[in-house]
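Please walk through the model shown here, beginning with the ligand sites and moving from there to the strands, the core and two loops.

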Amino acid sequence: MRDLKELIFSIEPADASWEEKAWNRLKSQIRPRGSLGLLENIAARLAAIKRSLDIELSKKLIFTMAGDHGVAEEGVSAYPQEVTSQMVFAFIQGWASINVLARHGGIDVRVVDMGVASDLPEDWNIVRKKIRYGTANFTKGPAMTREEAEKGLLAGAELVVKAVKEEGYQLIGTGDMGIANTTPSSAILAVFSGRPVAEITGRGTGIDDQAFQKKVQAIERALSVNSPSPEDPIDVLAKVGGCEIAGLAGAVLGAAASKVPVVCDGFIATAGALIAVKLAPAAKDYLFISHRSGEPGHKVMSDILELPPILDLGMRLGEGTGAALAMPIVEAAAKVLKEIKTFEEAGVTDTGH
Ligand SMILES: Cc1cc2ncn([C@H]3O[C@H](COP(=O)(O)O)[C@@H](O)[C@H]3O)c2cc1C
Ligand SMILES: O=C(O)c1cccnc1
């Protein structure tokens, strides 16, 4: 893949004719019609993505993209910036929430340095794609350049394309780590939704009322200083986004280009997915939202994307934790489609209900 244009051009919509074939099978399985709820919609979408009713999703991988944010200096997070690299260390040790939940789901985790503010030791087992040493404070000017945003998008996409092609991964998840990154995520959402900043901004790591006011004001200032154009998703990403958000968006594009399903995590990962879908609307066909984040803006994101979150557990963590829980459900949907016998195959009396 040489450039972003080529990547976006290579994304084909999912095949609706396979969705119809899937519904025909789902509706003739030995159970009342519609009895497996959202699992059936997931199964039908998987058929359209894979152009098949015989789908294997056992090889699963989450990319946890890490990056720092200049806007942290405005006091928008309850934690200091050094926690980003400290958590990256915890991830490679297998100590964190994402490690526990991914192990539980039989999912591999790859941690990517997209833009951590410090140099990470050479013996850390991470993927090194650093675009820059953290973003600039976007209340004073753009978070990064357009070239850096494009580089981040391509890096994220290439990681997924390679993982699918060279290692045979069948289901991709996206997660984030970056102190202060709920702030750029709300900023991105404000641009695309046009909603008042205070309405779509949340407490992130658990900030108090005073820090919340600072956070809202920082986002409002960023929007007026940078004037990101909602018609130009790369402009939005560069001016009020982040390095890991670029990687998260790129990962969705890479999955769509590879015709594999991708499950995004919560507020930050969905902000990345939003950028991806604005760049390549067909990428939405490959996307699943793992869960409803506790961040209030997340509902606005899922409404814009017109995708229902799979789970709603009141989680508000990130790291890919929601993706880790939902990916086995997506895998289960593929098994439902393939393995449940039809009334005819099983010789069970069908009343058509
Ligand atoms: C110890 C710790 C582990 C985390 N794991 C994910 N996040 C989450 O919290 C951060 C976003 O919230 P805010 O915008 O308020 O900083 C991100 O790093 C996100 O992944 C964590 C945050 C902390 C403190
Ligand atoms: O939903 C998320 O991803 C999230 C919410 C709050 C803090 N960190 C991450």
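**From the ligand sites to the loops**

Sorted by class, the residues of the shell around ligand 1 comprise 8 nonpolar, 8 polar and 2 charged. The model is a predicted one, and in it ligand 1 is surrounded by 18 residues, of which Ser-77, Thr-182, Gly-204, Thr-205 and Gly-318 are the closest. Three elements, namely helix H4 (82–93), strand S4 (171–177) and helix H7 (182–193), each contribute at least two residues to that shell.

For ligand 2, the surrounding residues include Thr-182, Gly-204, Thr-205 and Gly-318, and these four names also appear among the closest residues to ligand 1. Other members of the surroundings of ligand 2 are Asp-265, Gly-266, Phe-267 and Ile-268, together with Ser-293, Glu-295, Arg-316 and Leu-317. Its shell divides into 3 nonpolar, 6 polar and 3 charged residues.

Strand S4, which supplies residues to the shell around ligand 1, is mostly covered, with 7 of its 7 residues buried. In a regular strand, side chains alternate between the two faces of the sheet. Here both faces of S4 are covered, since Leu-171, Gly-173, Gly-175 and Met-177 are buried on one side, and Ile-172, Thr-174 and Asp-176 are buried on the other. S4 pairs with S1 in the parallel sense over 7 bridges, and within this pairing Ile-62 stands opposite Gly-173. S4 also pairs with S5, again in the parallel sense, over 3 bridges, and there Ile-172 is placed opposite Val-262.

Turning to the interior, the largest nonpolar core holds 115 residues, and Ala-249, Val-252 and Leu-253 have the most contacts inside it. Helix H10 (residues 243–257) gives the most to this core, contributing 11 residues. Leaving aside residues up to four places away in sequence, Leu-253 touches Leu-7, Ile-8, Ile-11, Leu-153, Ala-157, Ala-276, Leu-279, Ala-280 and Ala-283.

Two loop residues deserve a look at their backbone angles. Most residues other than glycine have a negative phi. Arg-51, however, has a positive phi near 50°, and its place is in the loop between helix H3 (38–50) and strand S1 (60–67). Arg-51 counts as partly exposed because 13 other C-beta atoms lie within 10 Å. Lys-259 likewise has a positive phi, of about 55°, although it is not a glycine; Lys-259 lies in the loop between H10 and strand S5 (262–264). Lys-259 has 16 C-beta neighbours inside 10 Å and therefore counts as partly exposed.

Terms used:
Residues are numbered from 1 along each chain as its sequence is written. Chains are lettered from A and ligands numbered from 1 in the order in which they are written. This is a predicted model: local features need pLDDT of at least 70, side-chain atom pairs count only at pLDDT 80 or more; totals for chains, interfaces and linings use all residues. A residue is near a molecule or strand if its C-beta atom, placed from the backbone, lies within 6 Å of it. Helices (H or I, at least four residues) and strands (E, at least two) are DSSP runs, numbered from the N terminus. Ala, Val, Leu, Ile, Met, Phe, Trp, Tyr, Cys and Pro count as nonpolar, Asp, Glu, Lys and Arg as charged, and the others, Gly among them, as polar. A nonpolar core is a set of buried Ala, Val, Leu, Ile, Met, Phe, Trp, Tyr and Cys residues joined through C-beta atoms within 7 Å. A residue is buried if 20 or more other C-beta atoms lie within 10 Å of its own, exposed if 12 or fewer, and partly exposed in between; C-beta atoms are placed from the backbone. Two residues are in contact if their C-beta atoms, placed from the backbone, lie within 7 Å. Two strands pair if DSSP finds at least two bridges between them.
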